[in-house]
Amino acid sequence: MKLSKEMRAFQERIGHQFARPELLVRALTHASISSPTRSDNQRLEFLGDRVLGLVMATALLEDDKSASEGQLAPRFNAMVRKEACADVAREIELGEVLKLGRSEMMSGGRRKLALLGDAMEAVIAAVYKDAGFEAAQAMILRLWASRINDVEVDARDSKTSLQELVQAKGQKPPSYVLVSRTGPDHQPVFTISVRLDDGAEAQATAGSKRQAEQAAATALLSKLEQKQ
C-alpha cells in the first residue's frame, strides 16, 4: 500500500516509518467511515490504551524510584487520560490525517477530544503491531517526554483534591451542576458550578463537561486556600 503525501508527513511527525502502512491507515480510520472492506480503529484503540499504560507505568517508576504507589497513581492517570492523548494528537496534527465520515467532518470531528484521544491510542497500537513493543515505547517516550518531565509531585486532579479536602472536614462530596451549554454542536461550551455543603461555590467554563468540572474545582480550591 502506498501512503499519501499527508500520511508520509505524519509518519515523519511521529518518528516511525511503517513496514505495514495499512496499519497506520486503519489507526486513522474512524468508525463513521468504516465499511465491510474498511476496518475502523476501535480494536487498535483498545490495544493502544494498554500499551500506553505499560510504557507510562514503567517510565514513571524509573523517573522517581522513591515515589509511593499513592504518588505514582495520580501521575499515571495524568499521563494516560484521554485529554493527555488528545493534547499529544494535536501537537502532531493527527486531526489533519484522520479519516472521518461526512457527518463527523461536518460536526468538527477533527477537533473533538474523544476522537483525537482514541486515534492517538490506535496509532500507538499500530506502531506496536508494526514493529514491536520497543518501537512503540520509543515513540511514546518521545511524544510524552515533556509531560513526564513536568508531571507534578502531587498530580492529583482538582476534583480529587477538592473531594479529599471536604471529606477531611466531615462534609459531603462536592456537587457539580451544569449551569449552561452554549455554542454549536461541534464546538460546545459548558459552564459548570461546584458547591459544598457550607455554601462555598465556584463556576468555570470549558469545551467539555470534564474540563469545566476540573476548572470549577480548581477555582473553588483557590478560594478555599485564600480563606485559610
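**Entry 1: the main core.** I looked first for the largest nonpolar core and found 49 residues in it, with Phe10, Met56, Met79, Leu94, Met120, Val123 and Trp144 making the most contacts inside. A core here is a set of buried Ala, Val, Leu, Ile, Met, Phe, Trp, Tyr and Cys residues joined through side-chain atoms within 4.5 Å, and buried means under 20% relative accessible area with a 1.4 Å probe, protein chains only. Among the elements giving two or more residues to this core are H1 (5-14), H3 (42-63) and H7 (113-131); helices are DSSP runs of H or I with at least four residues, strands E runs with at least two. H7 gives the most, 10 residues.

**A note on the model.** This is a predicted model: local features need pLDDT of at least 70, side-chain atom pairs count only at pLDDT 80 or more, and totals for chains, interfaces and linings use all residues. Residues are numbered from 1 along each chain as its sequence is written, and side-chain values use heavy atoms, leaving out hydrogens and water.

**Entry 2: Met120.** Leaving aside neighbours within four places in sequence, I see methionine 120 in contact (heavy atoms within 4.5 Å) with Cys85, Val88, Ala89, Ile92, Leu94, Met139, Leu143 and Trp144.

**Entry 3: H7 and H8.** Which H8 residues does H7 meet? I listed Phe133, Ala135, Ala136, Met139, Ile140 and Leu143. The residues of this contact divide into 12 nonpolar, no polar and no charged.

**Entry 4: H11.** I checked H11 (residues 209-227) and noted Ala212, Leu220 and Leu224 among its buried residues. What covers the buried residues of H11 includes helix H10 (158-168) and strand E1 (175-182).

Note on methods
Buried < 20%, exposed > 50% of the residue type's maximum accessible area, 1.4 Å probe, protein only. Nonpolar A, V, L, I, M, F, W, Y, C, P; charged D, E, K, R; others polar.
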